[in-house]
Amino acid sequence: MAVLVTGGAGYIGSHTAVVLHEAGRDVVVLDDLSNSSVAAVEALRALTRPDLPFIRADAADVDAVGRAIVDHGVDEVVHFAAFKSVSGSIADPDGYHRNNVGSTVGVVEAMRRNGVSRIVFSSSCTVYGEPTSLPVTEDSPISASNPYGATKVACEELLAAEADAGGLDVLLLRYFNPVGAHSSGDLGEDPRGTPDNLVPYLMQVAVGRRESLSVFGDDYDTPDGSAIRDYIHVVDLAEGHLAALDVLAGSDDEDVRDPSVGSTGCRAVNLGTGAGHSVLEVLAAAGRVIGRPVPHEVVGRRDGDIERIWADPSLAADLLGWRATRGLDEMLADHWRWQQRHPDGYGTG
Ligand code: NAD
Ligand code: WQD
């Protein structure tokens, strides 16, 4: 089976490409490198095969995606390609909509023209906004609170409508907070510019690229006053995509308790651990893993941040036969290995 991985040069896509390759899939990567690099593709090839097909193209380009499908005999798609910065989306809502929804429209159209029906989509816990009750299940209210989140809601709706129309079999995977890196230390997260996210920023402080981590708020209504998230190892997340593709393909794996999902249209599934950790807990765990405290200071809350969220991951266990197995210390140890081996990201690899 050949699987097209759009956005496969990026953080989650590259880790997923490795897992899919190791599971015996023929992986084809399509990425416009708008937030990644040729060096990331080379790192991916070093862990998979030197001739792993890579197409540099915009996923909104129906002809380019169609050619990739035909040339490589693609019969399933994992669609990661999107812009992902919340602050970037507030600065450029139109650009985010055009890229994230436009790329999804392009991929869907190319799939339709070429008779491909199975797609796994990168959604996000951001679609839940500030949860009204915890843990969040897939039936929790949807309420995007920023333009980035709105693009994910729009893509989910588009894919659900296409599935209703009979053209697609879709799994919408709602990721919680991915961190960590491949255990080799040679594939990891390489954010451009100043990282928005907690762990990449923290690791850049630890490696000496930045002076101090700002902890955004210690006055939340949480046990230690800092905000709580469900951090998940990127390789666990990658394995969730393999499980999702297997279910869509009608796997007869006995762990998959509901193989009928392959023909039921569109389902949303949380990919999280089910455990929440506060910012101060992450900081303390990182200090232990790194072997010294990470310089930090508490500052005010970040605009738009939610207080706490974590997943109910039971549907993923029931439907996909998948659950996260790696804990916070392993996520941070793997992220730290990557950061130490590549202090400036792929640039100095
Ligand atoms: P990333 O930026 O590292 O990877 C995205 C990749 O897509 C990049 O390589 C980029 O160059 C590429 N890309 C962007 N627009 C494209 C287009 N129009 N055509 C082709 N390629 C394009 O981000 P990531 O963290 O790996 O995220 C992957 C997906 O998961 C995204 O859809 C993101 O919204 C979603 N997601 C990420 C997180 C997170 O915290 N990282 C959480 C939930 C959901
Ligand atoms: C985690 C916690 C911050 C940076 C975002 C998107 C979400 C999803 C994941 C894509 C929060 C605190 C952070 C820092 C800090 N992405 N923090 N100092 O905000 O949960 O989610 O990424 O879909 O859509 O909104 O992740 O890593 O930015 O923050 O104190 O320098 O760390 O306040 O409590 P977040 P994050």
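**Exercise 1.** Which residues in H7 meet which residues in H11?

*Solution.* This is a predicted model, in which local features need pLDDT of at least 70 and side-chain atom pairs count only at pLDDT 80 or more, while totals for chains, interfaces and linings use all residues. Residues are numbered from 1 along each chain as its sequence is written, ligands are numbered from 1 in the order in which they are written, and side-chain values use heavy atoms, with hydrogens and water left out.

Step 1. Locate the elements: H7 comprises residues 198-206 and H11 residues 328-341. Helices are DSSP runs of H or I with at least four residues, strands are runs of E with at least two, and both are numbered from the N terminus.

Step 2. List the contacts, meaning heavy atoms within 4.5 Å. From H7, Val199, Pro200, Met203, Gln204 and Ala206 meet Leu332, His335, Trp336 and Gln339 of H11.

Step 3. Sort them by class: six residues are nonpolar, three are polar and none is charged. Here Ala, Val, Leu, Ile, Met, Phe, Trp, Tyr, Cys and Pro count as nonpolar, Asp, Glu, Lys and Arg as charged, and the others, Gly among them, as polar.

**Exercise 2.** Determine how H7 is oriented to H11.

*Solution.* Step 1. The two helices pack at an angle of about 50°, and their axes are 10 Å apart. Axes are lines fitted to C-alpha atoms, for helices over the stretch in contact, and angles run from 0 to 180 degrees between N-to-C directions.

Step 2. Angles under 35 degrees count as roughly parallel, over 145 as roughly antiparallel, 65 to 115 as roughly perpendicular and the rest as oblique. H7 and H11 are therefore oblique to each other.

**Exercise 3.** Identify polar contacts of ligand 1 and ligand 2, a polar contact being a pair of N or O atoms within 3.5 Å.

*Solution.* Step 1. For ligand 1, an oxygen atom is 2.6 Å from a side-chain N or O atom of aspartate 31, and another entry places a polar side-chain atom of serine 36 at 2.7 Å from a ligand oxygen. Glycine 10 contributes a polar backbone atom, 3.2 Å from an oxygen atom of ligand 1.

Step 2. For ligand 2, polar side-chain atoms lie 2.5 Å from an oxygen atom in the case of aspartate 305, 2.7 Å for serine 124 and 3.0 Å for asparagine 177.

Notes:
Polar contact = N/O pair within 3.5 Å; in protein donor to acceptor, adjacent residues only side chain to side chain.
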